[in-house]
Amino acid sequence: MINLEQLSNLHQTYPLQTYSITSVISSALCIGAGGSSGSLADKPIVRNSEGNLLIPASQLKGRLRHECEKIARGLKWPICYAPNPQSMCPQRVGLTETCEHKFKREEYKISGIDKRYHCLICQIFGNPSLPSHVTFDDLICTEEIDNIPEVLRSGVTINRRRCTVEERKLYLLETSPANTQLRFTGNIHLFNAPVFTGVLILAGLRHINALGGSKSAGLGWLHWELPNLPLEPTIWDFLAKGSVQ
Ligand SMILES: [Zn+2]
């Protein structure tokens, strides 16, 4: 249970928390790594050393940060512009004076670290001068390797200006098998994270409907199985006050 007193100290409420999350792939998944060996594909799918398919933590984290930024901006919180380090907090190069002024608010002060201001998203995911309070595992496919056949899809590069196929640009993508509801599971770890981290991250995950390449061709569509956090009205009340300075 979170109370308002704790909300006044946003930064050290959760010493350590771990959420187990699962993504269930509805179509075929194409998260590739160039240059891997052992496959005919130009872009083979990413696997760990045991051969299990995986969704890399870095890809999930980047995408989730982006979704959380959109939610926070929607709630009228001023949010810096990742991933360029200079346009992120605490520098925020390129912002007008009026925009920059909006970042100078009580909730953006980090006690004990520095005197500069860091937006809600930087307080969770970090920036060049602030450590991240959240780490991600790779999401590993739980299906037996032997049950997953190698699937290759061919594609060609289109010249959009001439509306024709480029010559000698046939390529092969490796994907997971289609429509098999493959499950990818891993953990998210929160360490000394601000109290609003859990709800914002889980809300952000719900906005990710697809991962990997060729999404417009129908690949990588998914849904999530997420932990049921208790509804914390005080946290949502806090998040709803982005425009109140
Ligand atoms: Zn920021």
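These short exercises walk through a predicted model.

**Exercise 1. Find the centre of the largest nonpolar core.**
Task: Name the residues that touch the most other members of this core, then the elements that supply it.

Solution:
- The core holds 46 residues.
- Those touching the most other members are Cys68, Cys119, Leu120, Ile121 and Ile124.
- Elements giving two or more residues include the helices α2 (57–74), α4 (120–125), α5 (197–206) and α6 (233–239).
- The strands β1 (14–25), β5 (134–136), β6 (139–141) and β9 (182–193) do so too.
- Now take Ile121. Beyond four places in sequence, Ile121 contacts Arg65, Cys68, Glu69, Ala72 and Ile79.

**Exercise 2. Check the length of α2 and locate its packing.**
Task: Compare the expected span of α2 with the distance between its end C-alpha atoms, then list its buried residues.

Solution:
- α2 has 18 residues, so at 1.5 Å a residue it should span 26 Å.
- Its end C-alpha atoms are 26 Å apart, which agrees.
- Buried in α2 are Leu60, Leu64, Arg65, Cys68, Glu69, Ile71 and Ala72.
- These buried residues pack against β2 (54–55), α4, β5, β6 and α5.
- After α2 comes Lys76, with a positive phi near 75°.

**Exercise 3. Classify Leu202.**
Task: Decide whether Leu202 is buried, partly exposed or exposed, then find what Leu202 touches.

Solution:
- Leu202 sits in helix α5.
- Count its surroundings: 18 other C-beta atoms lie within 10 Å.
- Buried needs 20 or more, and exposed needs 12 or fewer.
- Leu202 is therefore partly exposed.
- Setting aside residues up to four places away, Leu202 touches Leu226 and Leu229.
- Leu202 and Leu229 are 27 residues apart in sequence, with their C-alpha atoms 8.8 Å apart.

Key: Residues numbered from 1 in each chain as written. Predicted model: local features only at pLDDT ≥ 70, side-chain atom pairs only at ≥ 80, totals over all residues. Core = buried A, V, L, I, M, F, W, Y, C linked by C-beta atoms within 7 Å. Helix = DSSP H or I, 4+ residues; strand = E, 2+ residues; numbered from the N terminus. Contact = placed C-beta atoms within 7 Å. Expected span 1.5 Å × (residues − 1).
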